Amino acid sequence: MRDDRLWLVALLAPAAIVFIAFFLLPLGRLFLIGGSGPMGWGAYAAAFTEARYLKSLVSTVLLSAGVTVVTLAISGLAGVFLQRNRFTGRALLTALLTLPLAFPGVVIGFMVIMLAGRQGLIPDITDALVGERLVFAYSMAGLFMGYVYFSIPRTILTVMASAEKLDPRIEEAARSLGAGRWRVVRDVIVPGLKPAFLSAGAICFATAMGAFGTAFTLATRINVLPMVIYTEFTLQANLAMAAALSFVLGAITWAALALARTAAGSSVAAAG
Amino acid sequence: MSAAMDRRPAAFWLQLAFTLFVCAFLIVPVGLSIMAGVTRDMFIGIGSGVTLQWLVKVWTDYRQTVFLSIQIAMACLALTLLLGVPAAYVLARRQNAFTRAVEELLVMPVAVPGLATALALIVTYGGWGDFRRSWVFILVGHVLFTLPFMVRSVLAVLTSIDLRTLEEGARSLGANFVQRFFGIVLPNCRGGILAGSLMVVTLSLGEFNMTLLLHTPLTQTLPVGLADTYASLRLEVGSAYTLIFFIIIIPLLVAMQWAAAPPRRRKPVEETL
């Protein structure tokens with residue numbers, strides 16, 4: 001269908017024009033502005049050399065990595081369980097676990113306040129148990145909880161889709177060869193789910209790196225990179241530094257996704 | 001059935017308990033928030049009485065944000081359909097290094113933090129006053145962020161069907177490009193368009209990362225208004241506002257689950273092993 005070529009170009013053109021005009025060109029501009037401040041191109045280096053930026057960069061990476069590990073563990077267990085067992089209420093349970101899939105960050109922050117804020121449920125429980133109110137919503141711990149909350153629904157979906165394709169006969173074979181339950185999990189199930197873990201983990205890490213709404217809701221004093229960028233831009237009016245920092249943040253996020261894609265083959269593409 | 005349940009190993013019950021705990025972690029705060037939105041005084045608890053006063057207050061003060069968010073989401077849907085569906089078709093028709101690179105690029109706004117995209121838009125177009133001040137400025141950001149979801153969703157359907165044979169058949173019967181596109185391609189990717197549309201509307205309604213920087217005091221959206229009440233007003237007001245958000249978003253999320261379920265799963269599954 002060679003003669004369709006013109007049509008195809010015409011169909012792709014609108015998306016391409018919008019994308020170039022409103023994404024690629026602005027991003028290029030932002031990159032140049034990052035190097036146009038008082039520090040010049042040194043602003044990009046400052047993200048790694050200046051103590052306060054480096055500190056927030058490191059804590060953002062550590063937070064995101066921690067969230068990824070915990071989310072994968074929780075979603076791996078629950079996802080494989082839901083895929084492998086049939087019981088009354090299973091469909092409802094799956095639906096509830098994936099319901100918060102597209103809750104925005106600000107709402108997630110409010111959910112954390114509901115659980116661990118000043119008037120939250122967890123302080124009420126600890127008050128009844130040990131006589132002390134454990135309030136941790138407005139700190140890194142609250143942010144951690146929020147990001148895990150945010151990432152569970154999507155990760156469970158990915159794990160369930162992947163667990164569906166695992167061949168139970170391999171597990172049977174392993175078991176009949178004398179492998180215990182943990183050996184089967186370690187040597188059969190986890191390797192089988194590796195592409196799903198890589199792709200879901202990369203998405204989880206990337207969203208935790210760039211997320212902003214949850215931290216904004218919980219406390220502006222939480223020292224993560226997106227908050228620093230926001231402060232540099234709005235309060236300090238330091239546009240060049242804000243630009244440089246968001247570029248560094250974007251580059252790390254993009255690299256994490258690219259790395260996972262290389263490691264997992266093409267399967268990451270399906271996780272969106 | 002209970003006899004069958006009793007025979008399940010202890011590991012089953014442990015895992016079930018764990019999964020239920022995770023589910024409670026996700027759902028309990030939603031319930032608490034809904035409850036707080038209709039409670040007269042949260043310091044006393046639900047015992048202080050049920051009231052609609054907070055909902056009325058939020059609706060009076062913030063209904064503009066609800067309308068604006070819906071307006072942006074609808075415009076965003078229209079644009080992602082117009083831009084995304086044709087683009088997905090081209091990417092499905094020509095699978096080579098170039099289209100793979102295009103696909104890769106199109107997904108970038110999801111990987112790049114929203115703050116960075118918003119800053120980039122502001123430094124480039126912030127000087128165009130009328131554009132900067134209008135809701136269309138927010139719309140641009142939302143389209144960039146949601147377009148990949150529409151493209152992916154439609155592309156997934158198009159690559160799973162034998163498009164080539166269908167189109168060749170239509171062509172041999174004399175159908176021209178336009179007839180084929182509207183008569184063969186679009187009807188065949190209905191499912192992908194539906195799933196993509198639900199995703200686009202849901203994401204646009206909840207978008208905050210970019211919108212916080214792109215909005216002006218006169219173009220406040222629902223999530224920006226939410227952040228505002230969380231920060232400055234009492235818990236009941238924030239909860240009531242969240243309740244309004246839930247009323248809009250939860251039907252969309254449920255519809256999304258329904259649309260995403262492959263037809264096979266919609267058949268009744270046997271409930272016990």
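This passage walks through chain A, its interface with chain B, and one pocket. The structure is a predicted model, and everything below is computed from it.

Chain A is a good place to start. Its secondary structure comes to 13 helices and zero strands, so by the DSSP runs used here the pattern along the sequence is simply one α after another. Along its principal axes, the C-alpha trace of chain A spans about 75 × 65 × 30 Å. Salt bridges turn up too, with a count of 18 over all chains. One of them joins A:Glu172 to A:Arg175, with the closest N and O atoms 3.3 Å apart. These two residues, A:Glu172 and A:Arg175, both belong to helix H8 of chain A and sit three residues apart, about one turn of the helix. Side chains of opposite charge can pair when their charged atoms come close.

Next comes the interface of the two chains. Here 91 residues of chain B are in contact with 82 residues of chain A. The size of an interface is often given as the accessible area lost when the parts come together. For chain B and chain A, that buried area is about 7,900 Å², with 77% of it on carbon and sulfur atoms. Two salt bridges are found across this interface. B:Arg93 makes a salt bridge with A:Asp4, and the closest N and O atoms there are 3.1 Å apart. As for polar contacts, eight residue pairs are counted between chain B and chain A, both partners having pLDDT 80 or more. On the side of chain B that touches chain A, helix H2 (residues 10-37) of chain B gives the largest share, 18 residues. Sorted by class, that side of chain B has 64 nonpolar, 13 polar and 14 charged residues.

That leaves the pocket. Rolling a probe the size of a water molecule over the atoms shows where empty space is left. The second largest pocket holds about 990 Å³ of space. Its lining is made up of 28 residues, and the closest to the centre are A:Val80, A:Arg181, A:Val185, A:Ile189 and B:Gln15. At least two lining residues each come from helix H3 (51-84), helix H8 (168-176) and helix H9 (181-192) of chain A, and from H2 of chain B. The largest share of the lining, seven residues, belongs to H3 of chain A. By class, the lining of this second largest pocket has 19 nonpolar, three polar and six charged residues.

Helix H2 of chain B thus appears in two places: in the side of chain B that touches chain A, and in the lining of the second largest pocket.

Technical notes
Residues numbered from 1 in each chain as written. Chains lettered and ligands numbered in written order. Predicted model: local features only at pLDDT ≥ 70, side-chain atom pairs only at ≥ 80, totals over all residues. Heavy atoms only, no water. Contact = heavy atoms within 4.5 Å. Buried area = accessible area lost by both parts, 1.4 Å probe. Salt bridge = Lys/Arg side-chain N within 4 Å of Asp/Glu carboxyl O. Polar contact = N/O pair within 3.5 Å; in protein donor to acceptor, adjacent residues only side chain to side chain. Helix = DSSP H or I, 4+ residues; strand = E, 2+ residues; numbered from the N terminus. Nonpolar A, V, L, I, M, F, W, Y, C, P; charged D, E, K, R; others polar. 1 Å grid on protein atoms, 1.4 Å probe; cavity = no way out; pocket = protein on both sides within 12 Å on 5 of 7 lines; lining within 4 Å. Points joined across faces, edges and corners; volume = space filled by probe spheres on them.
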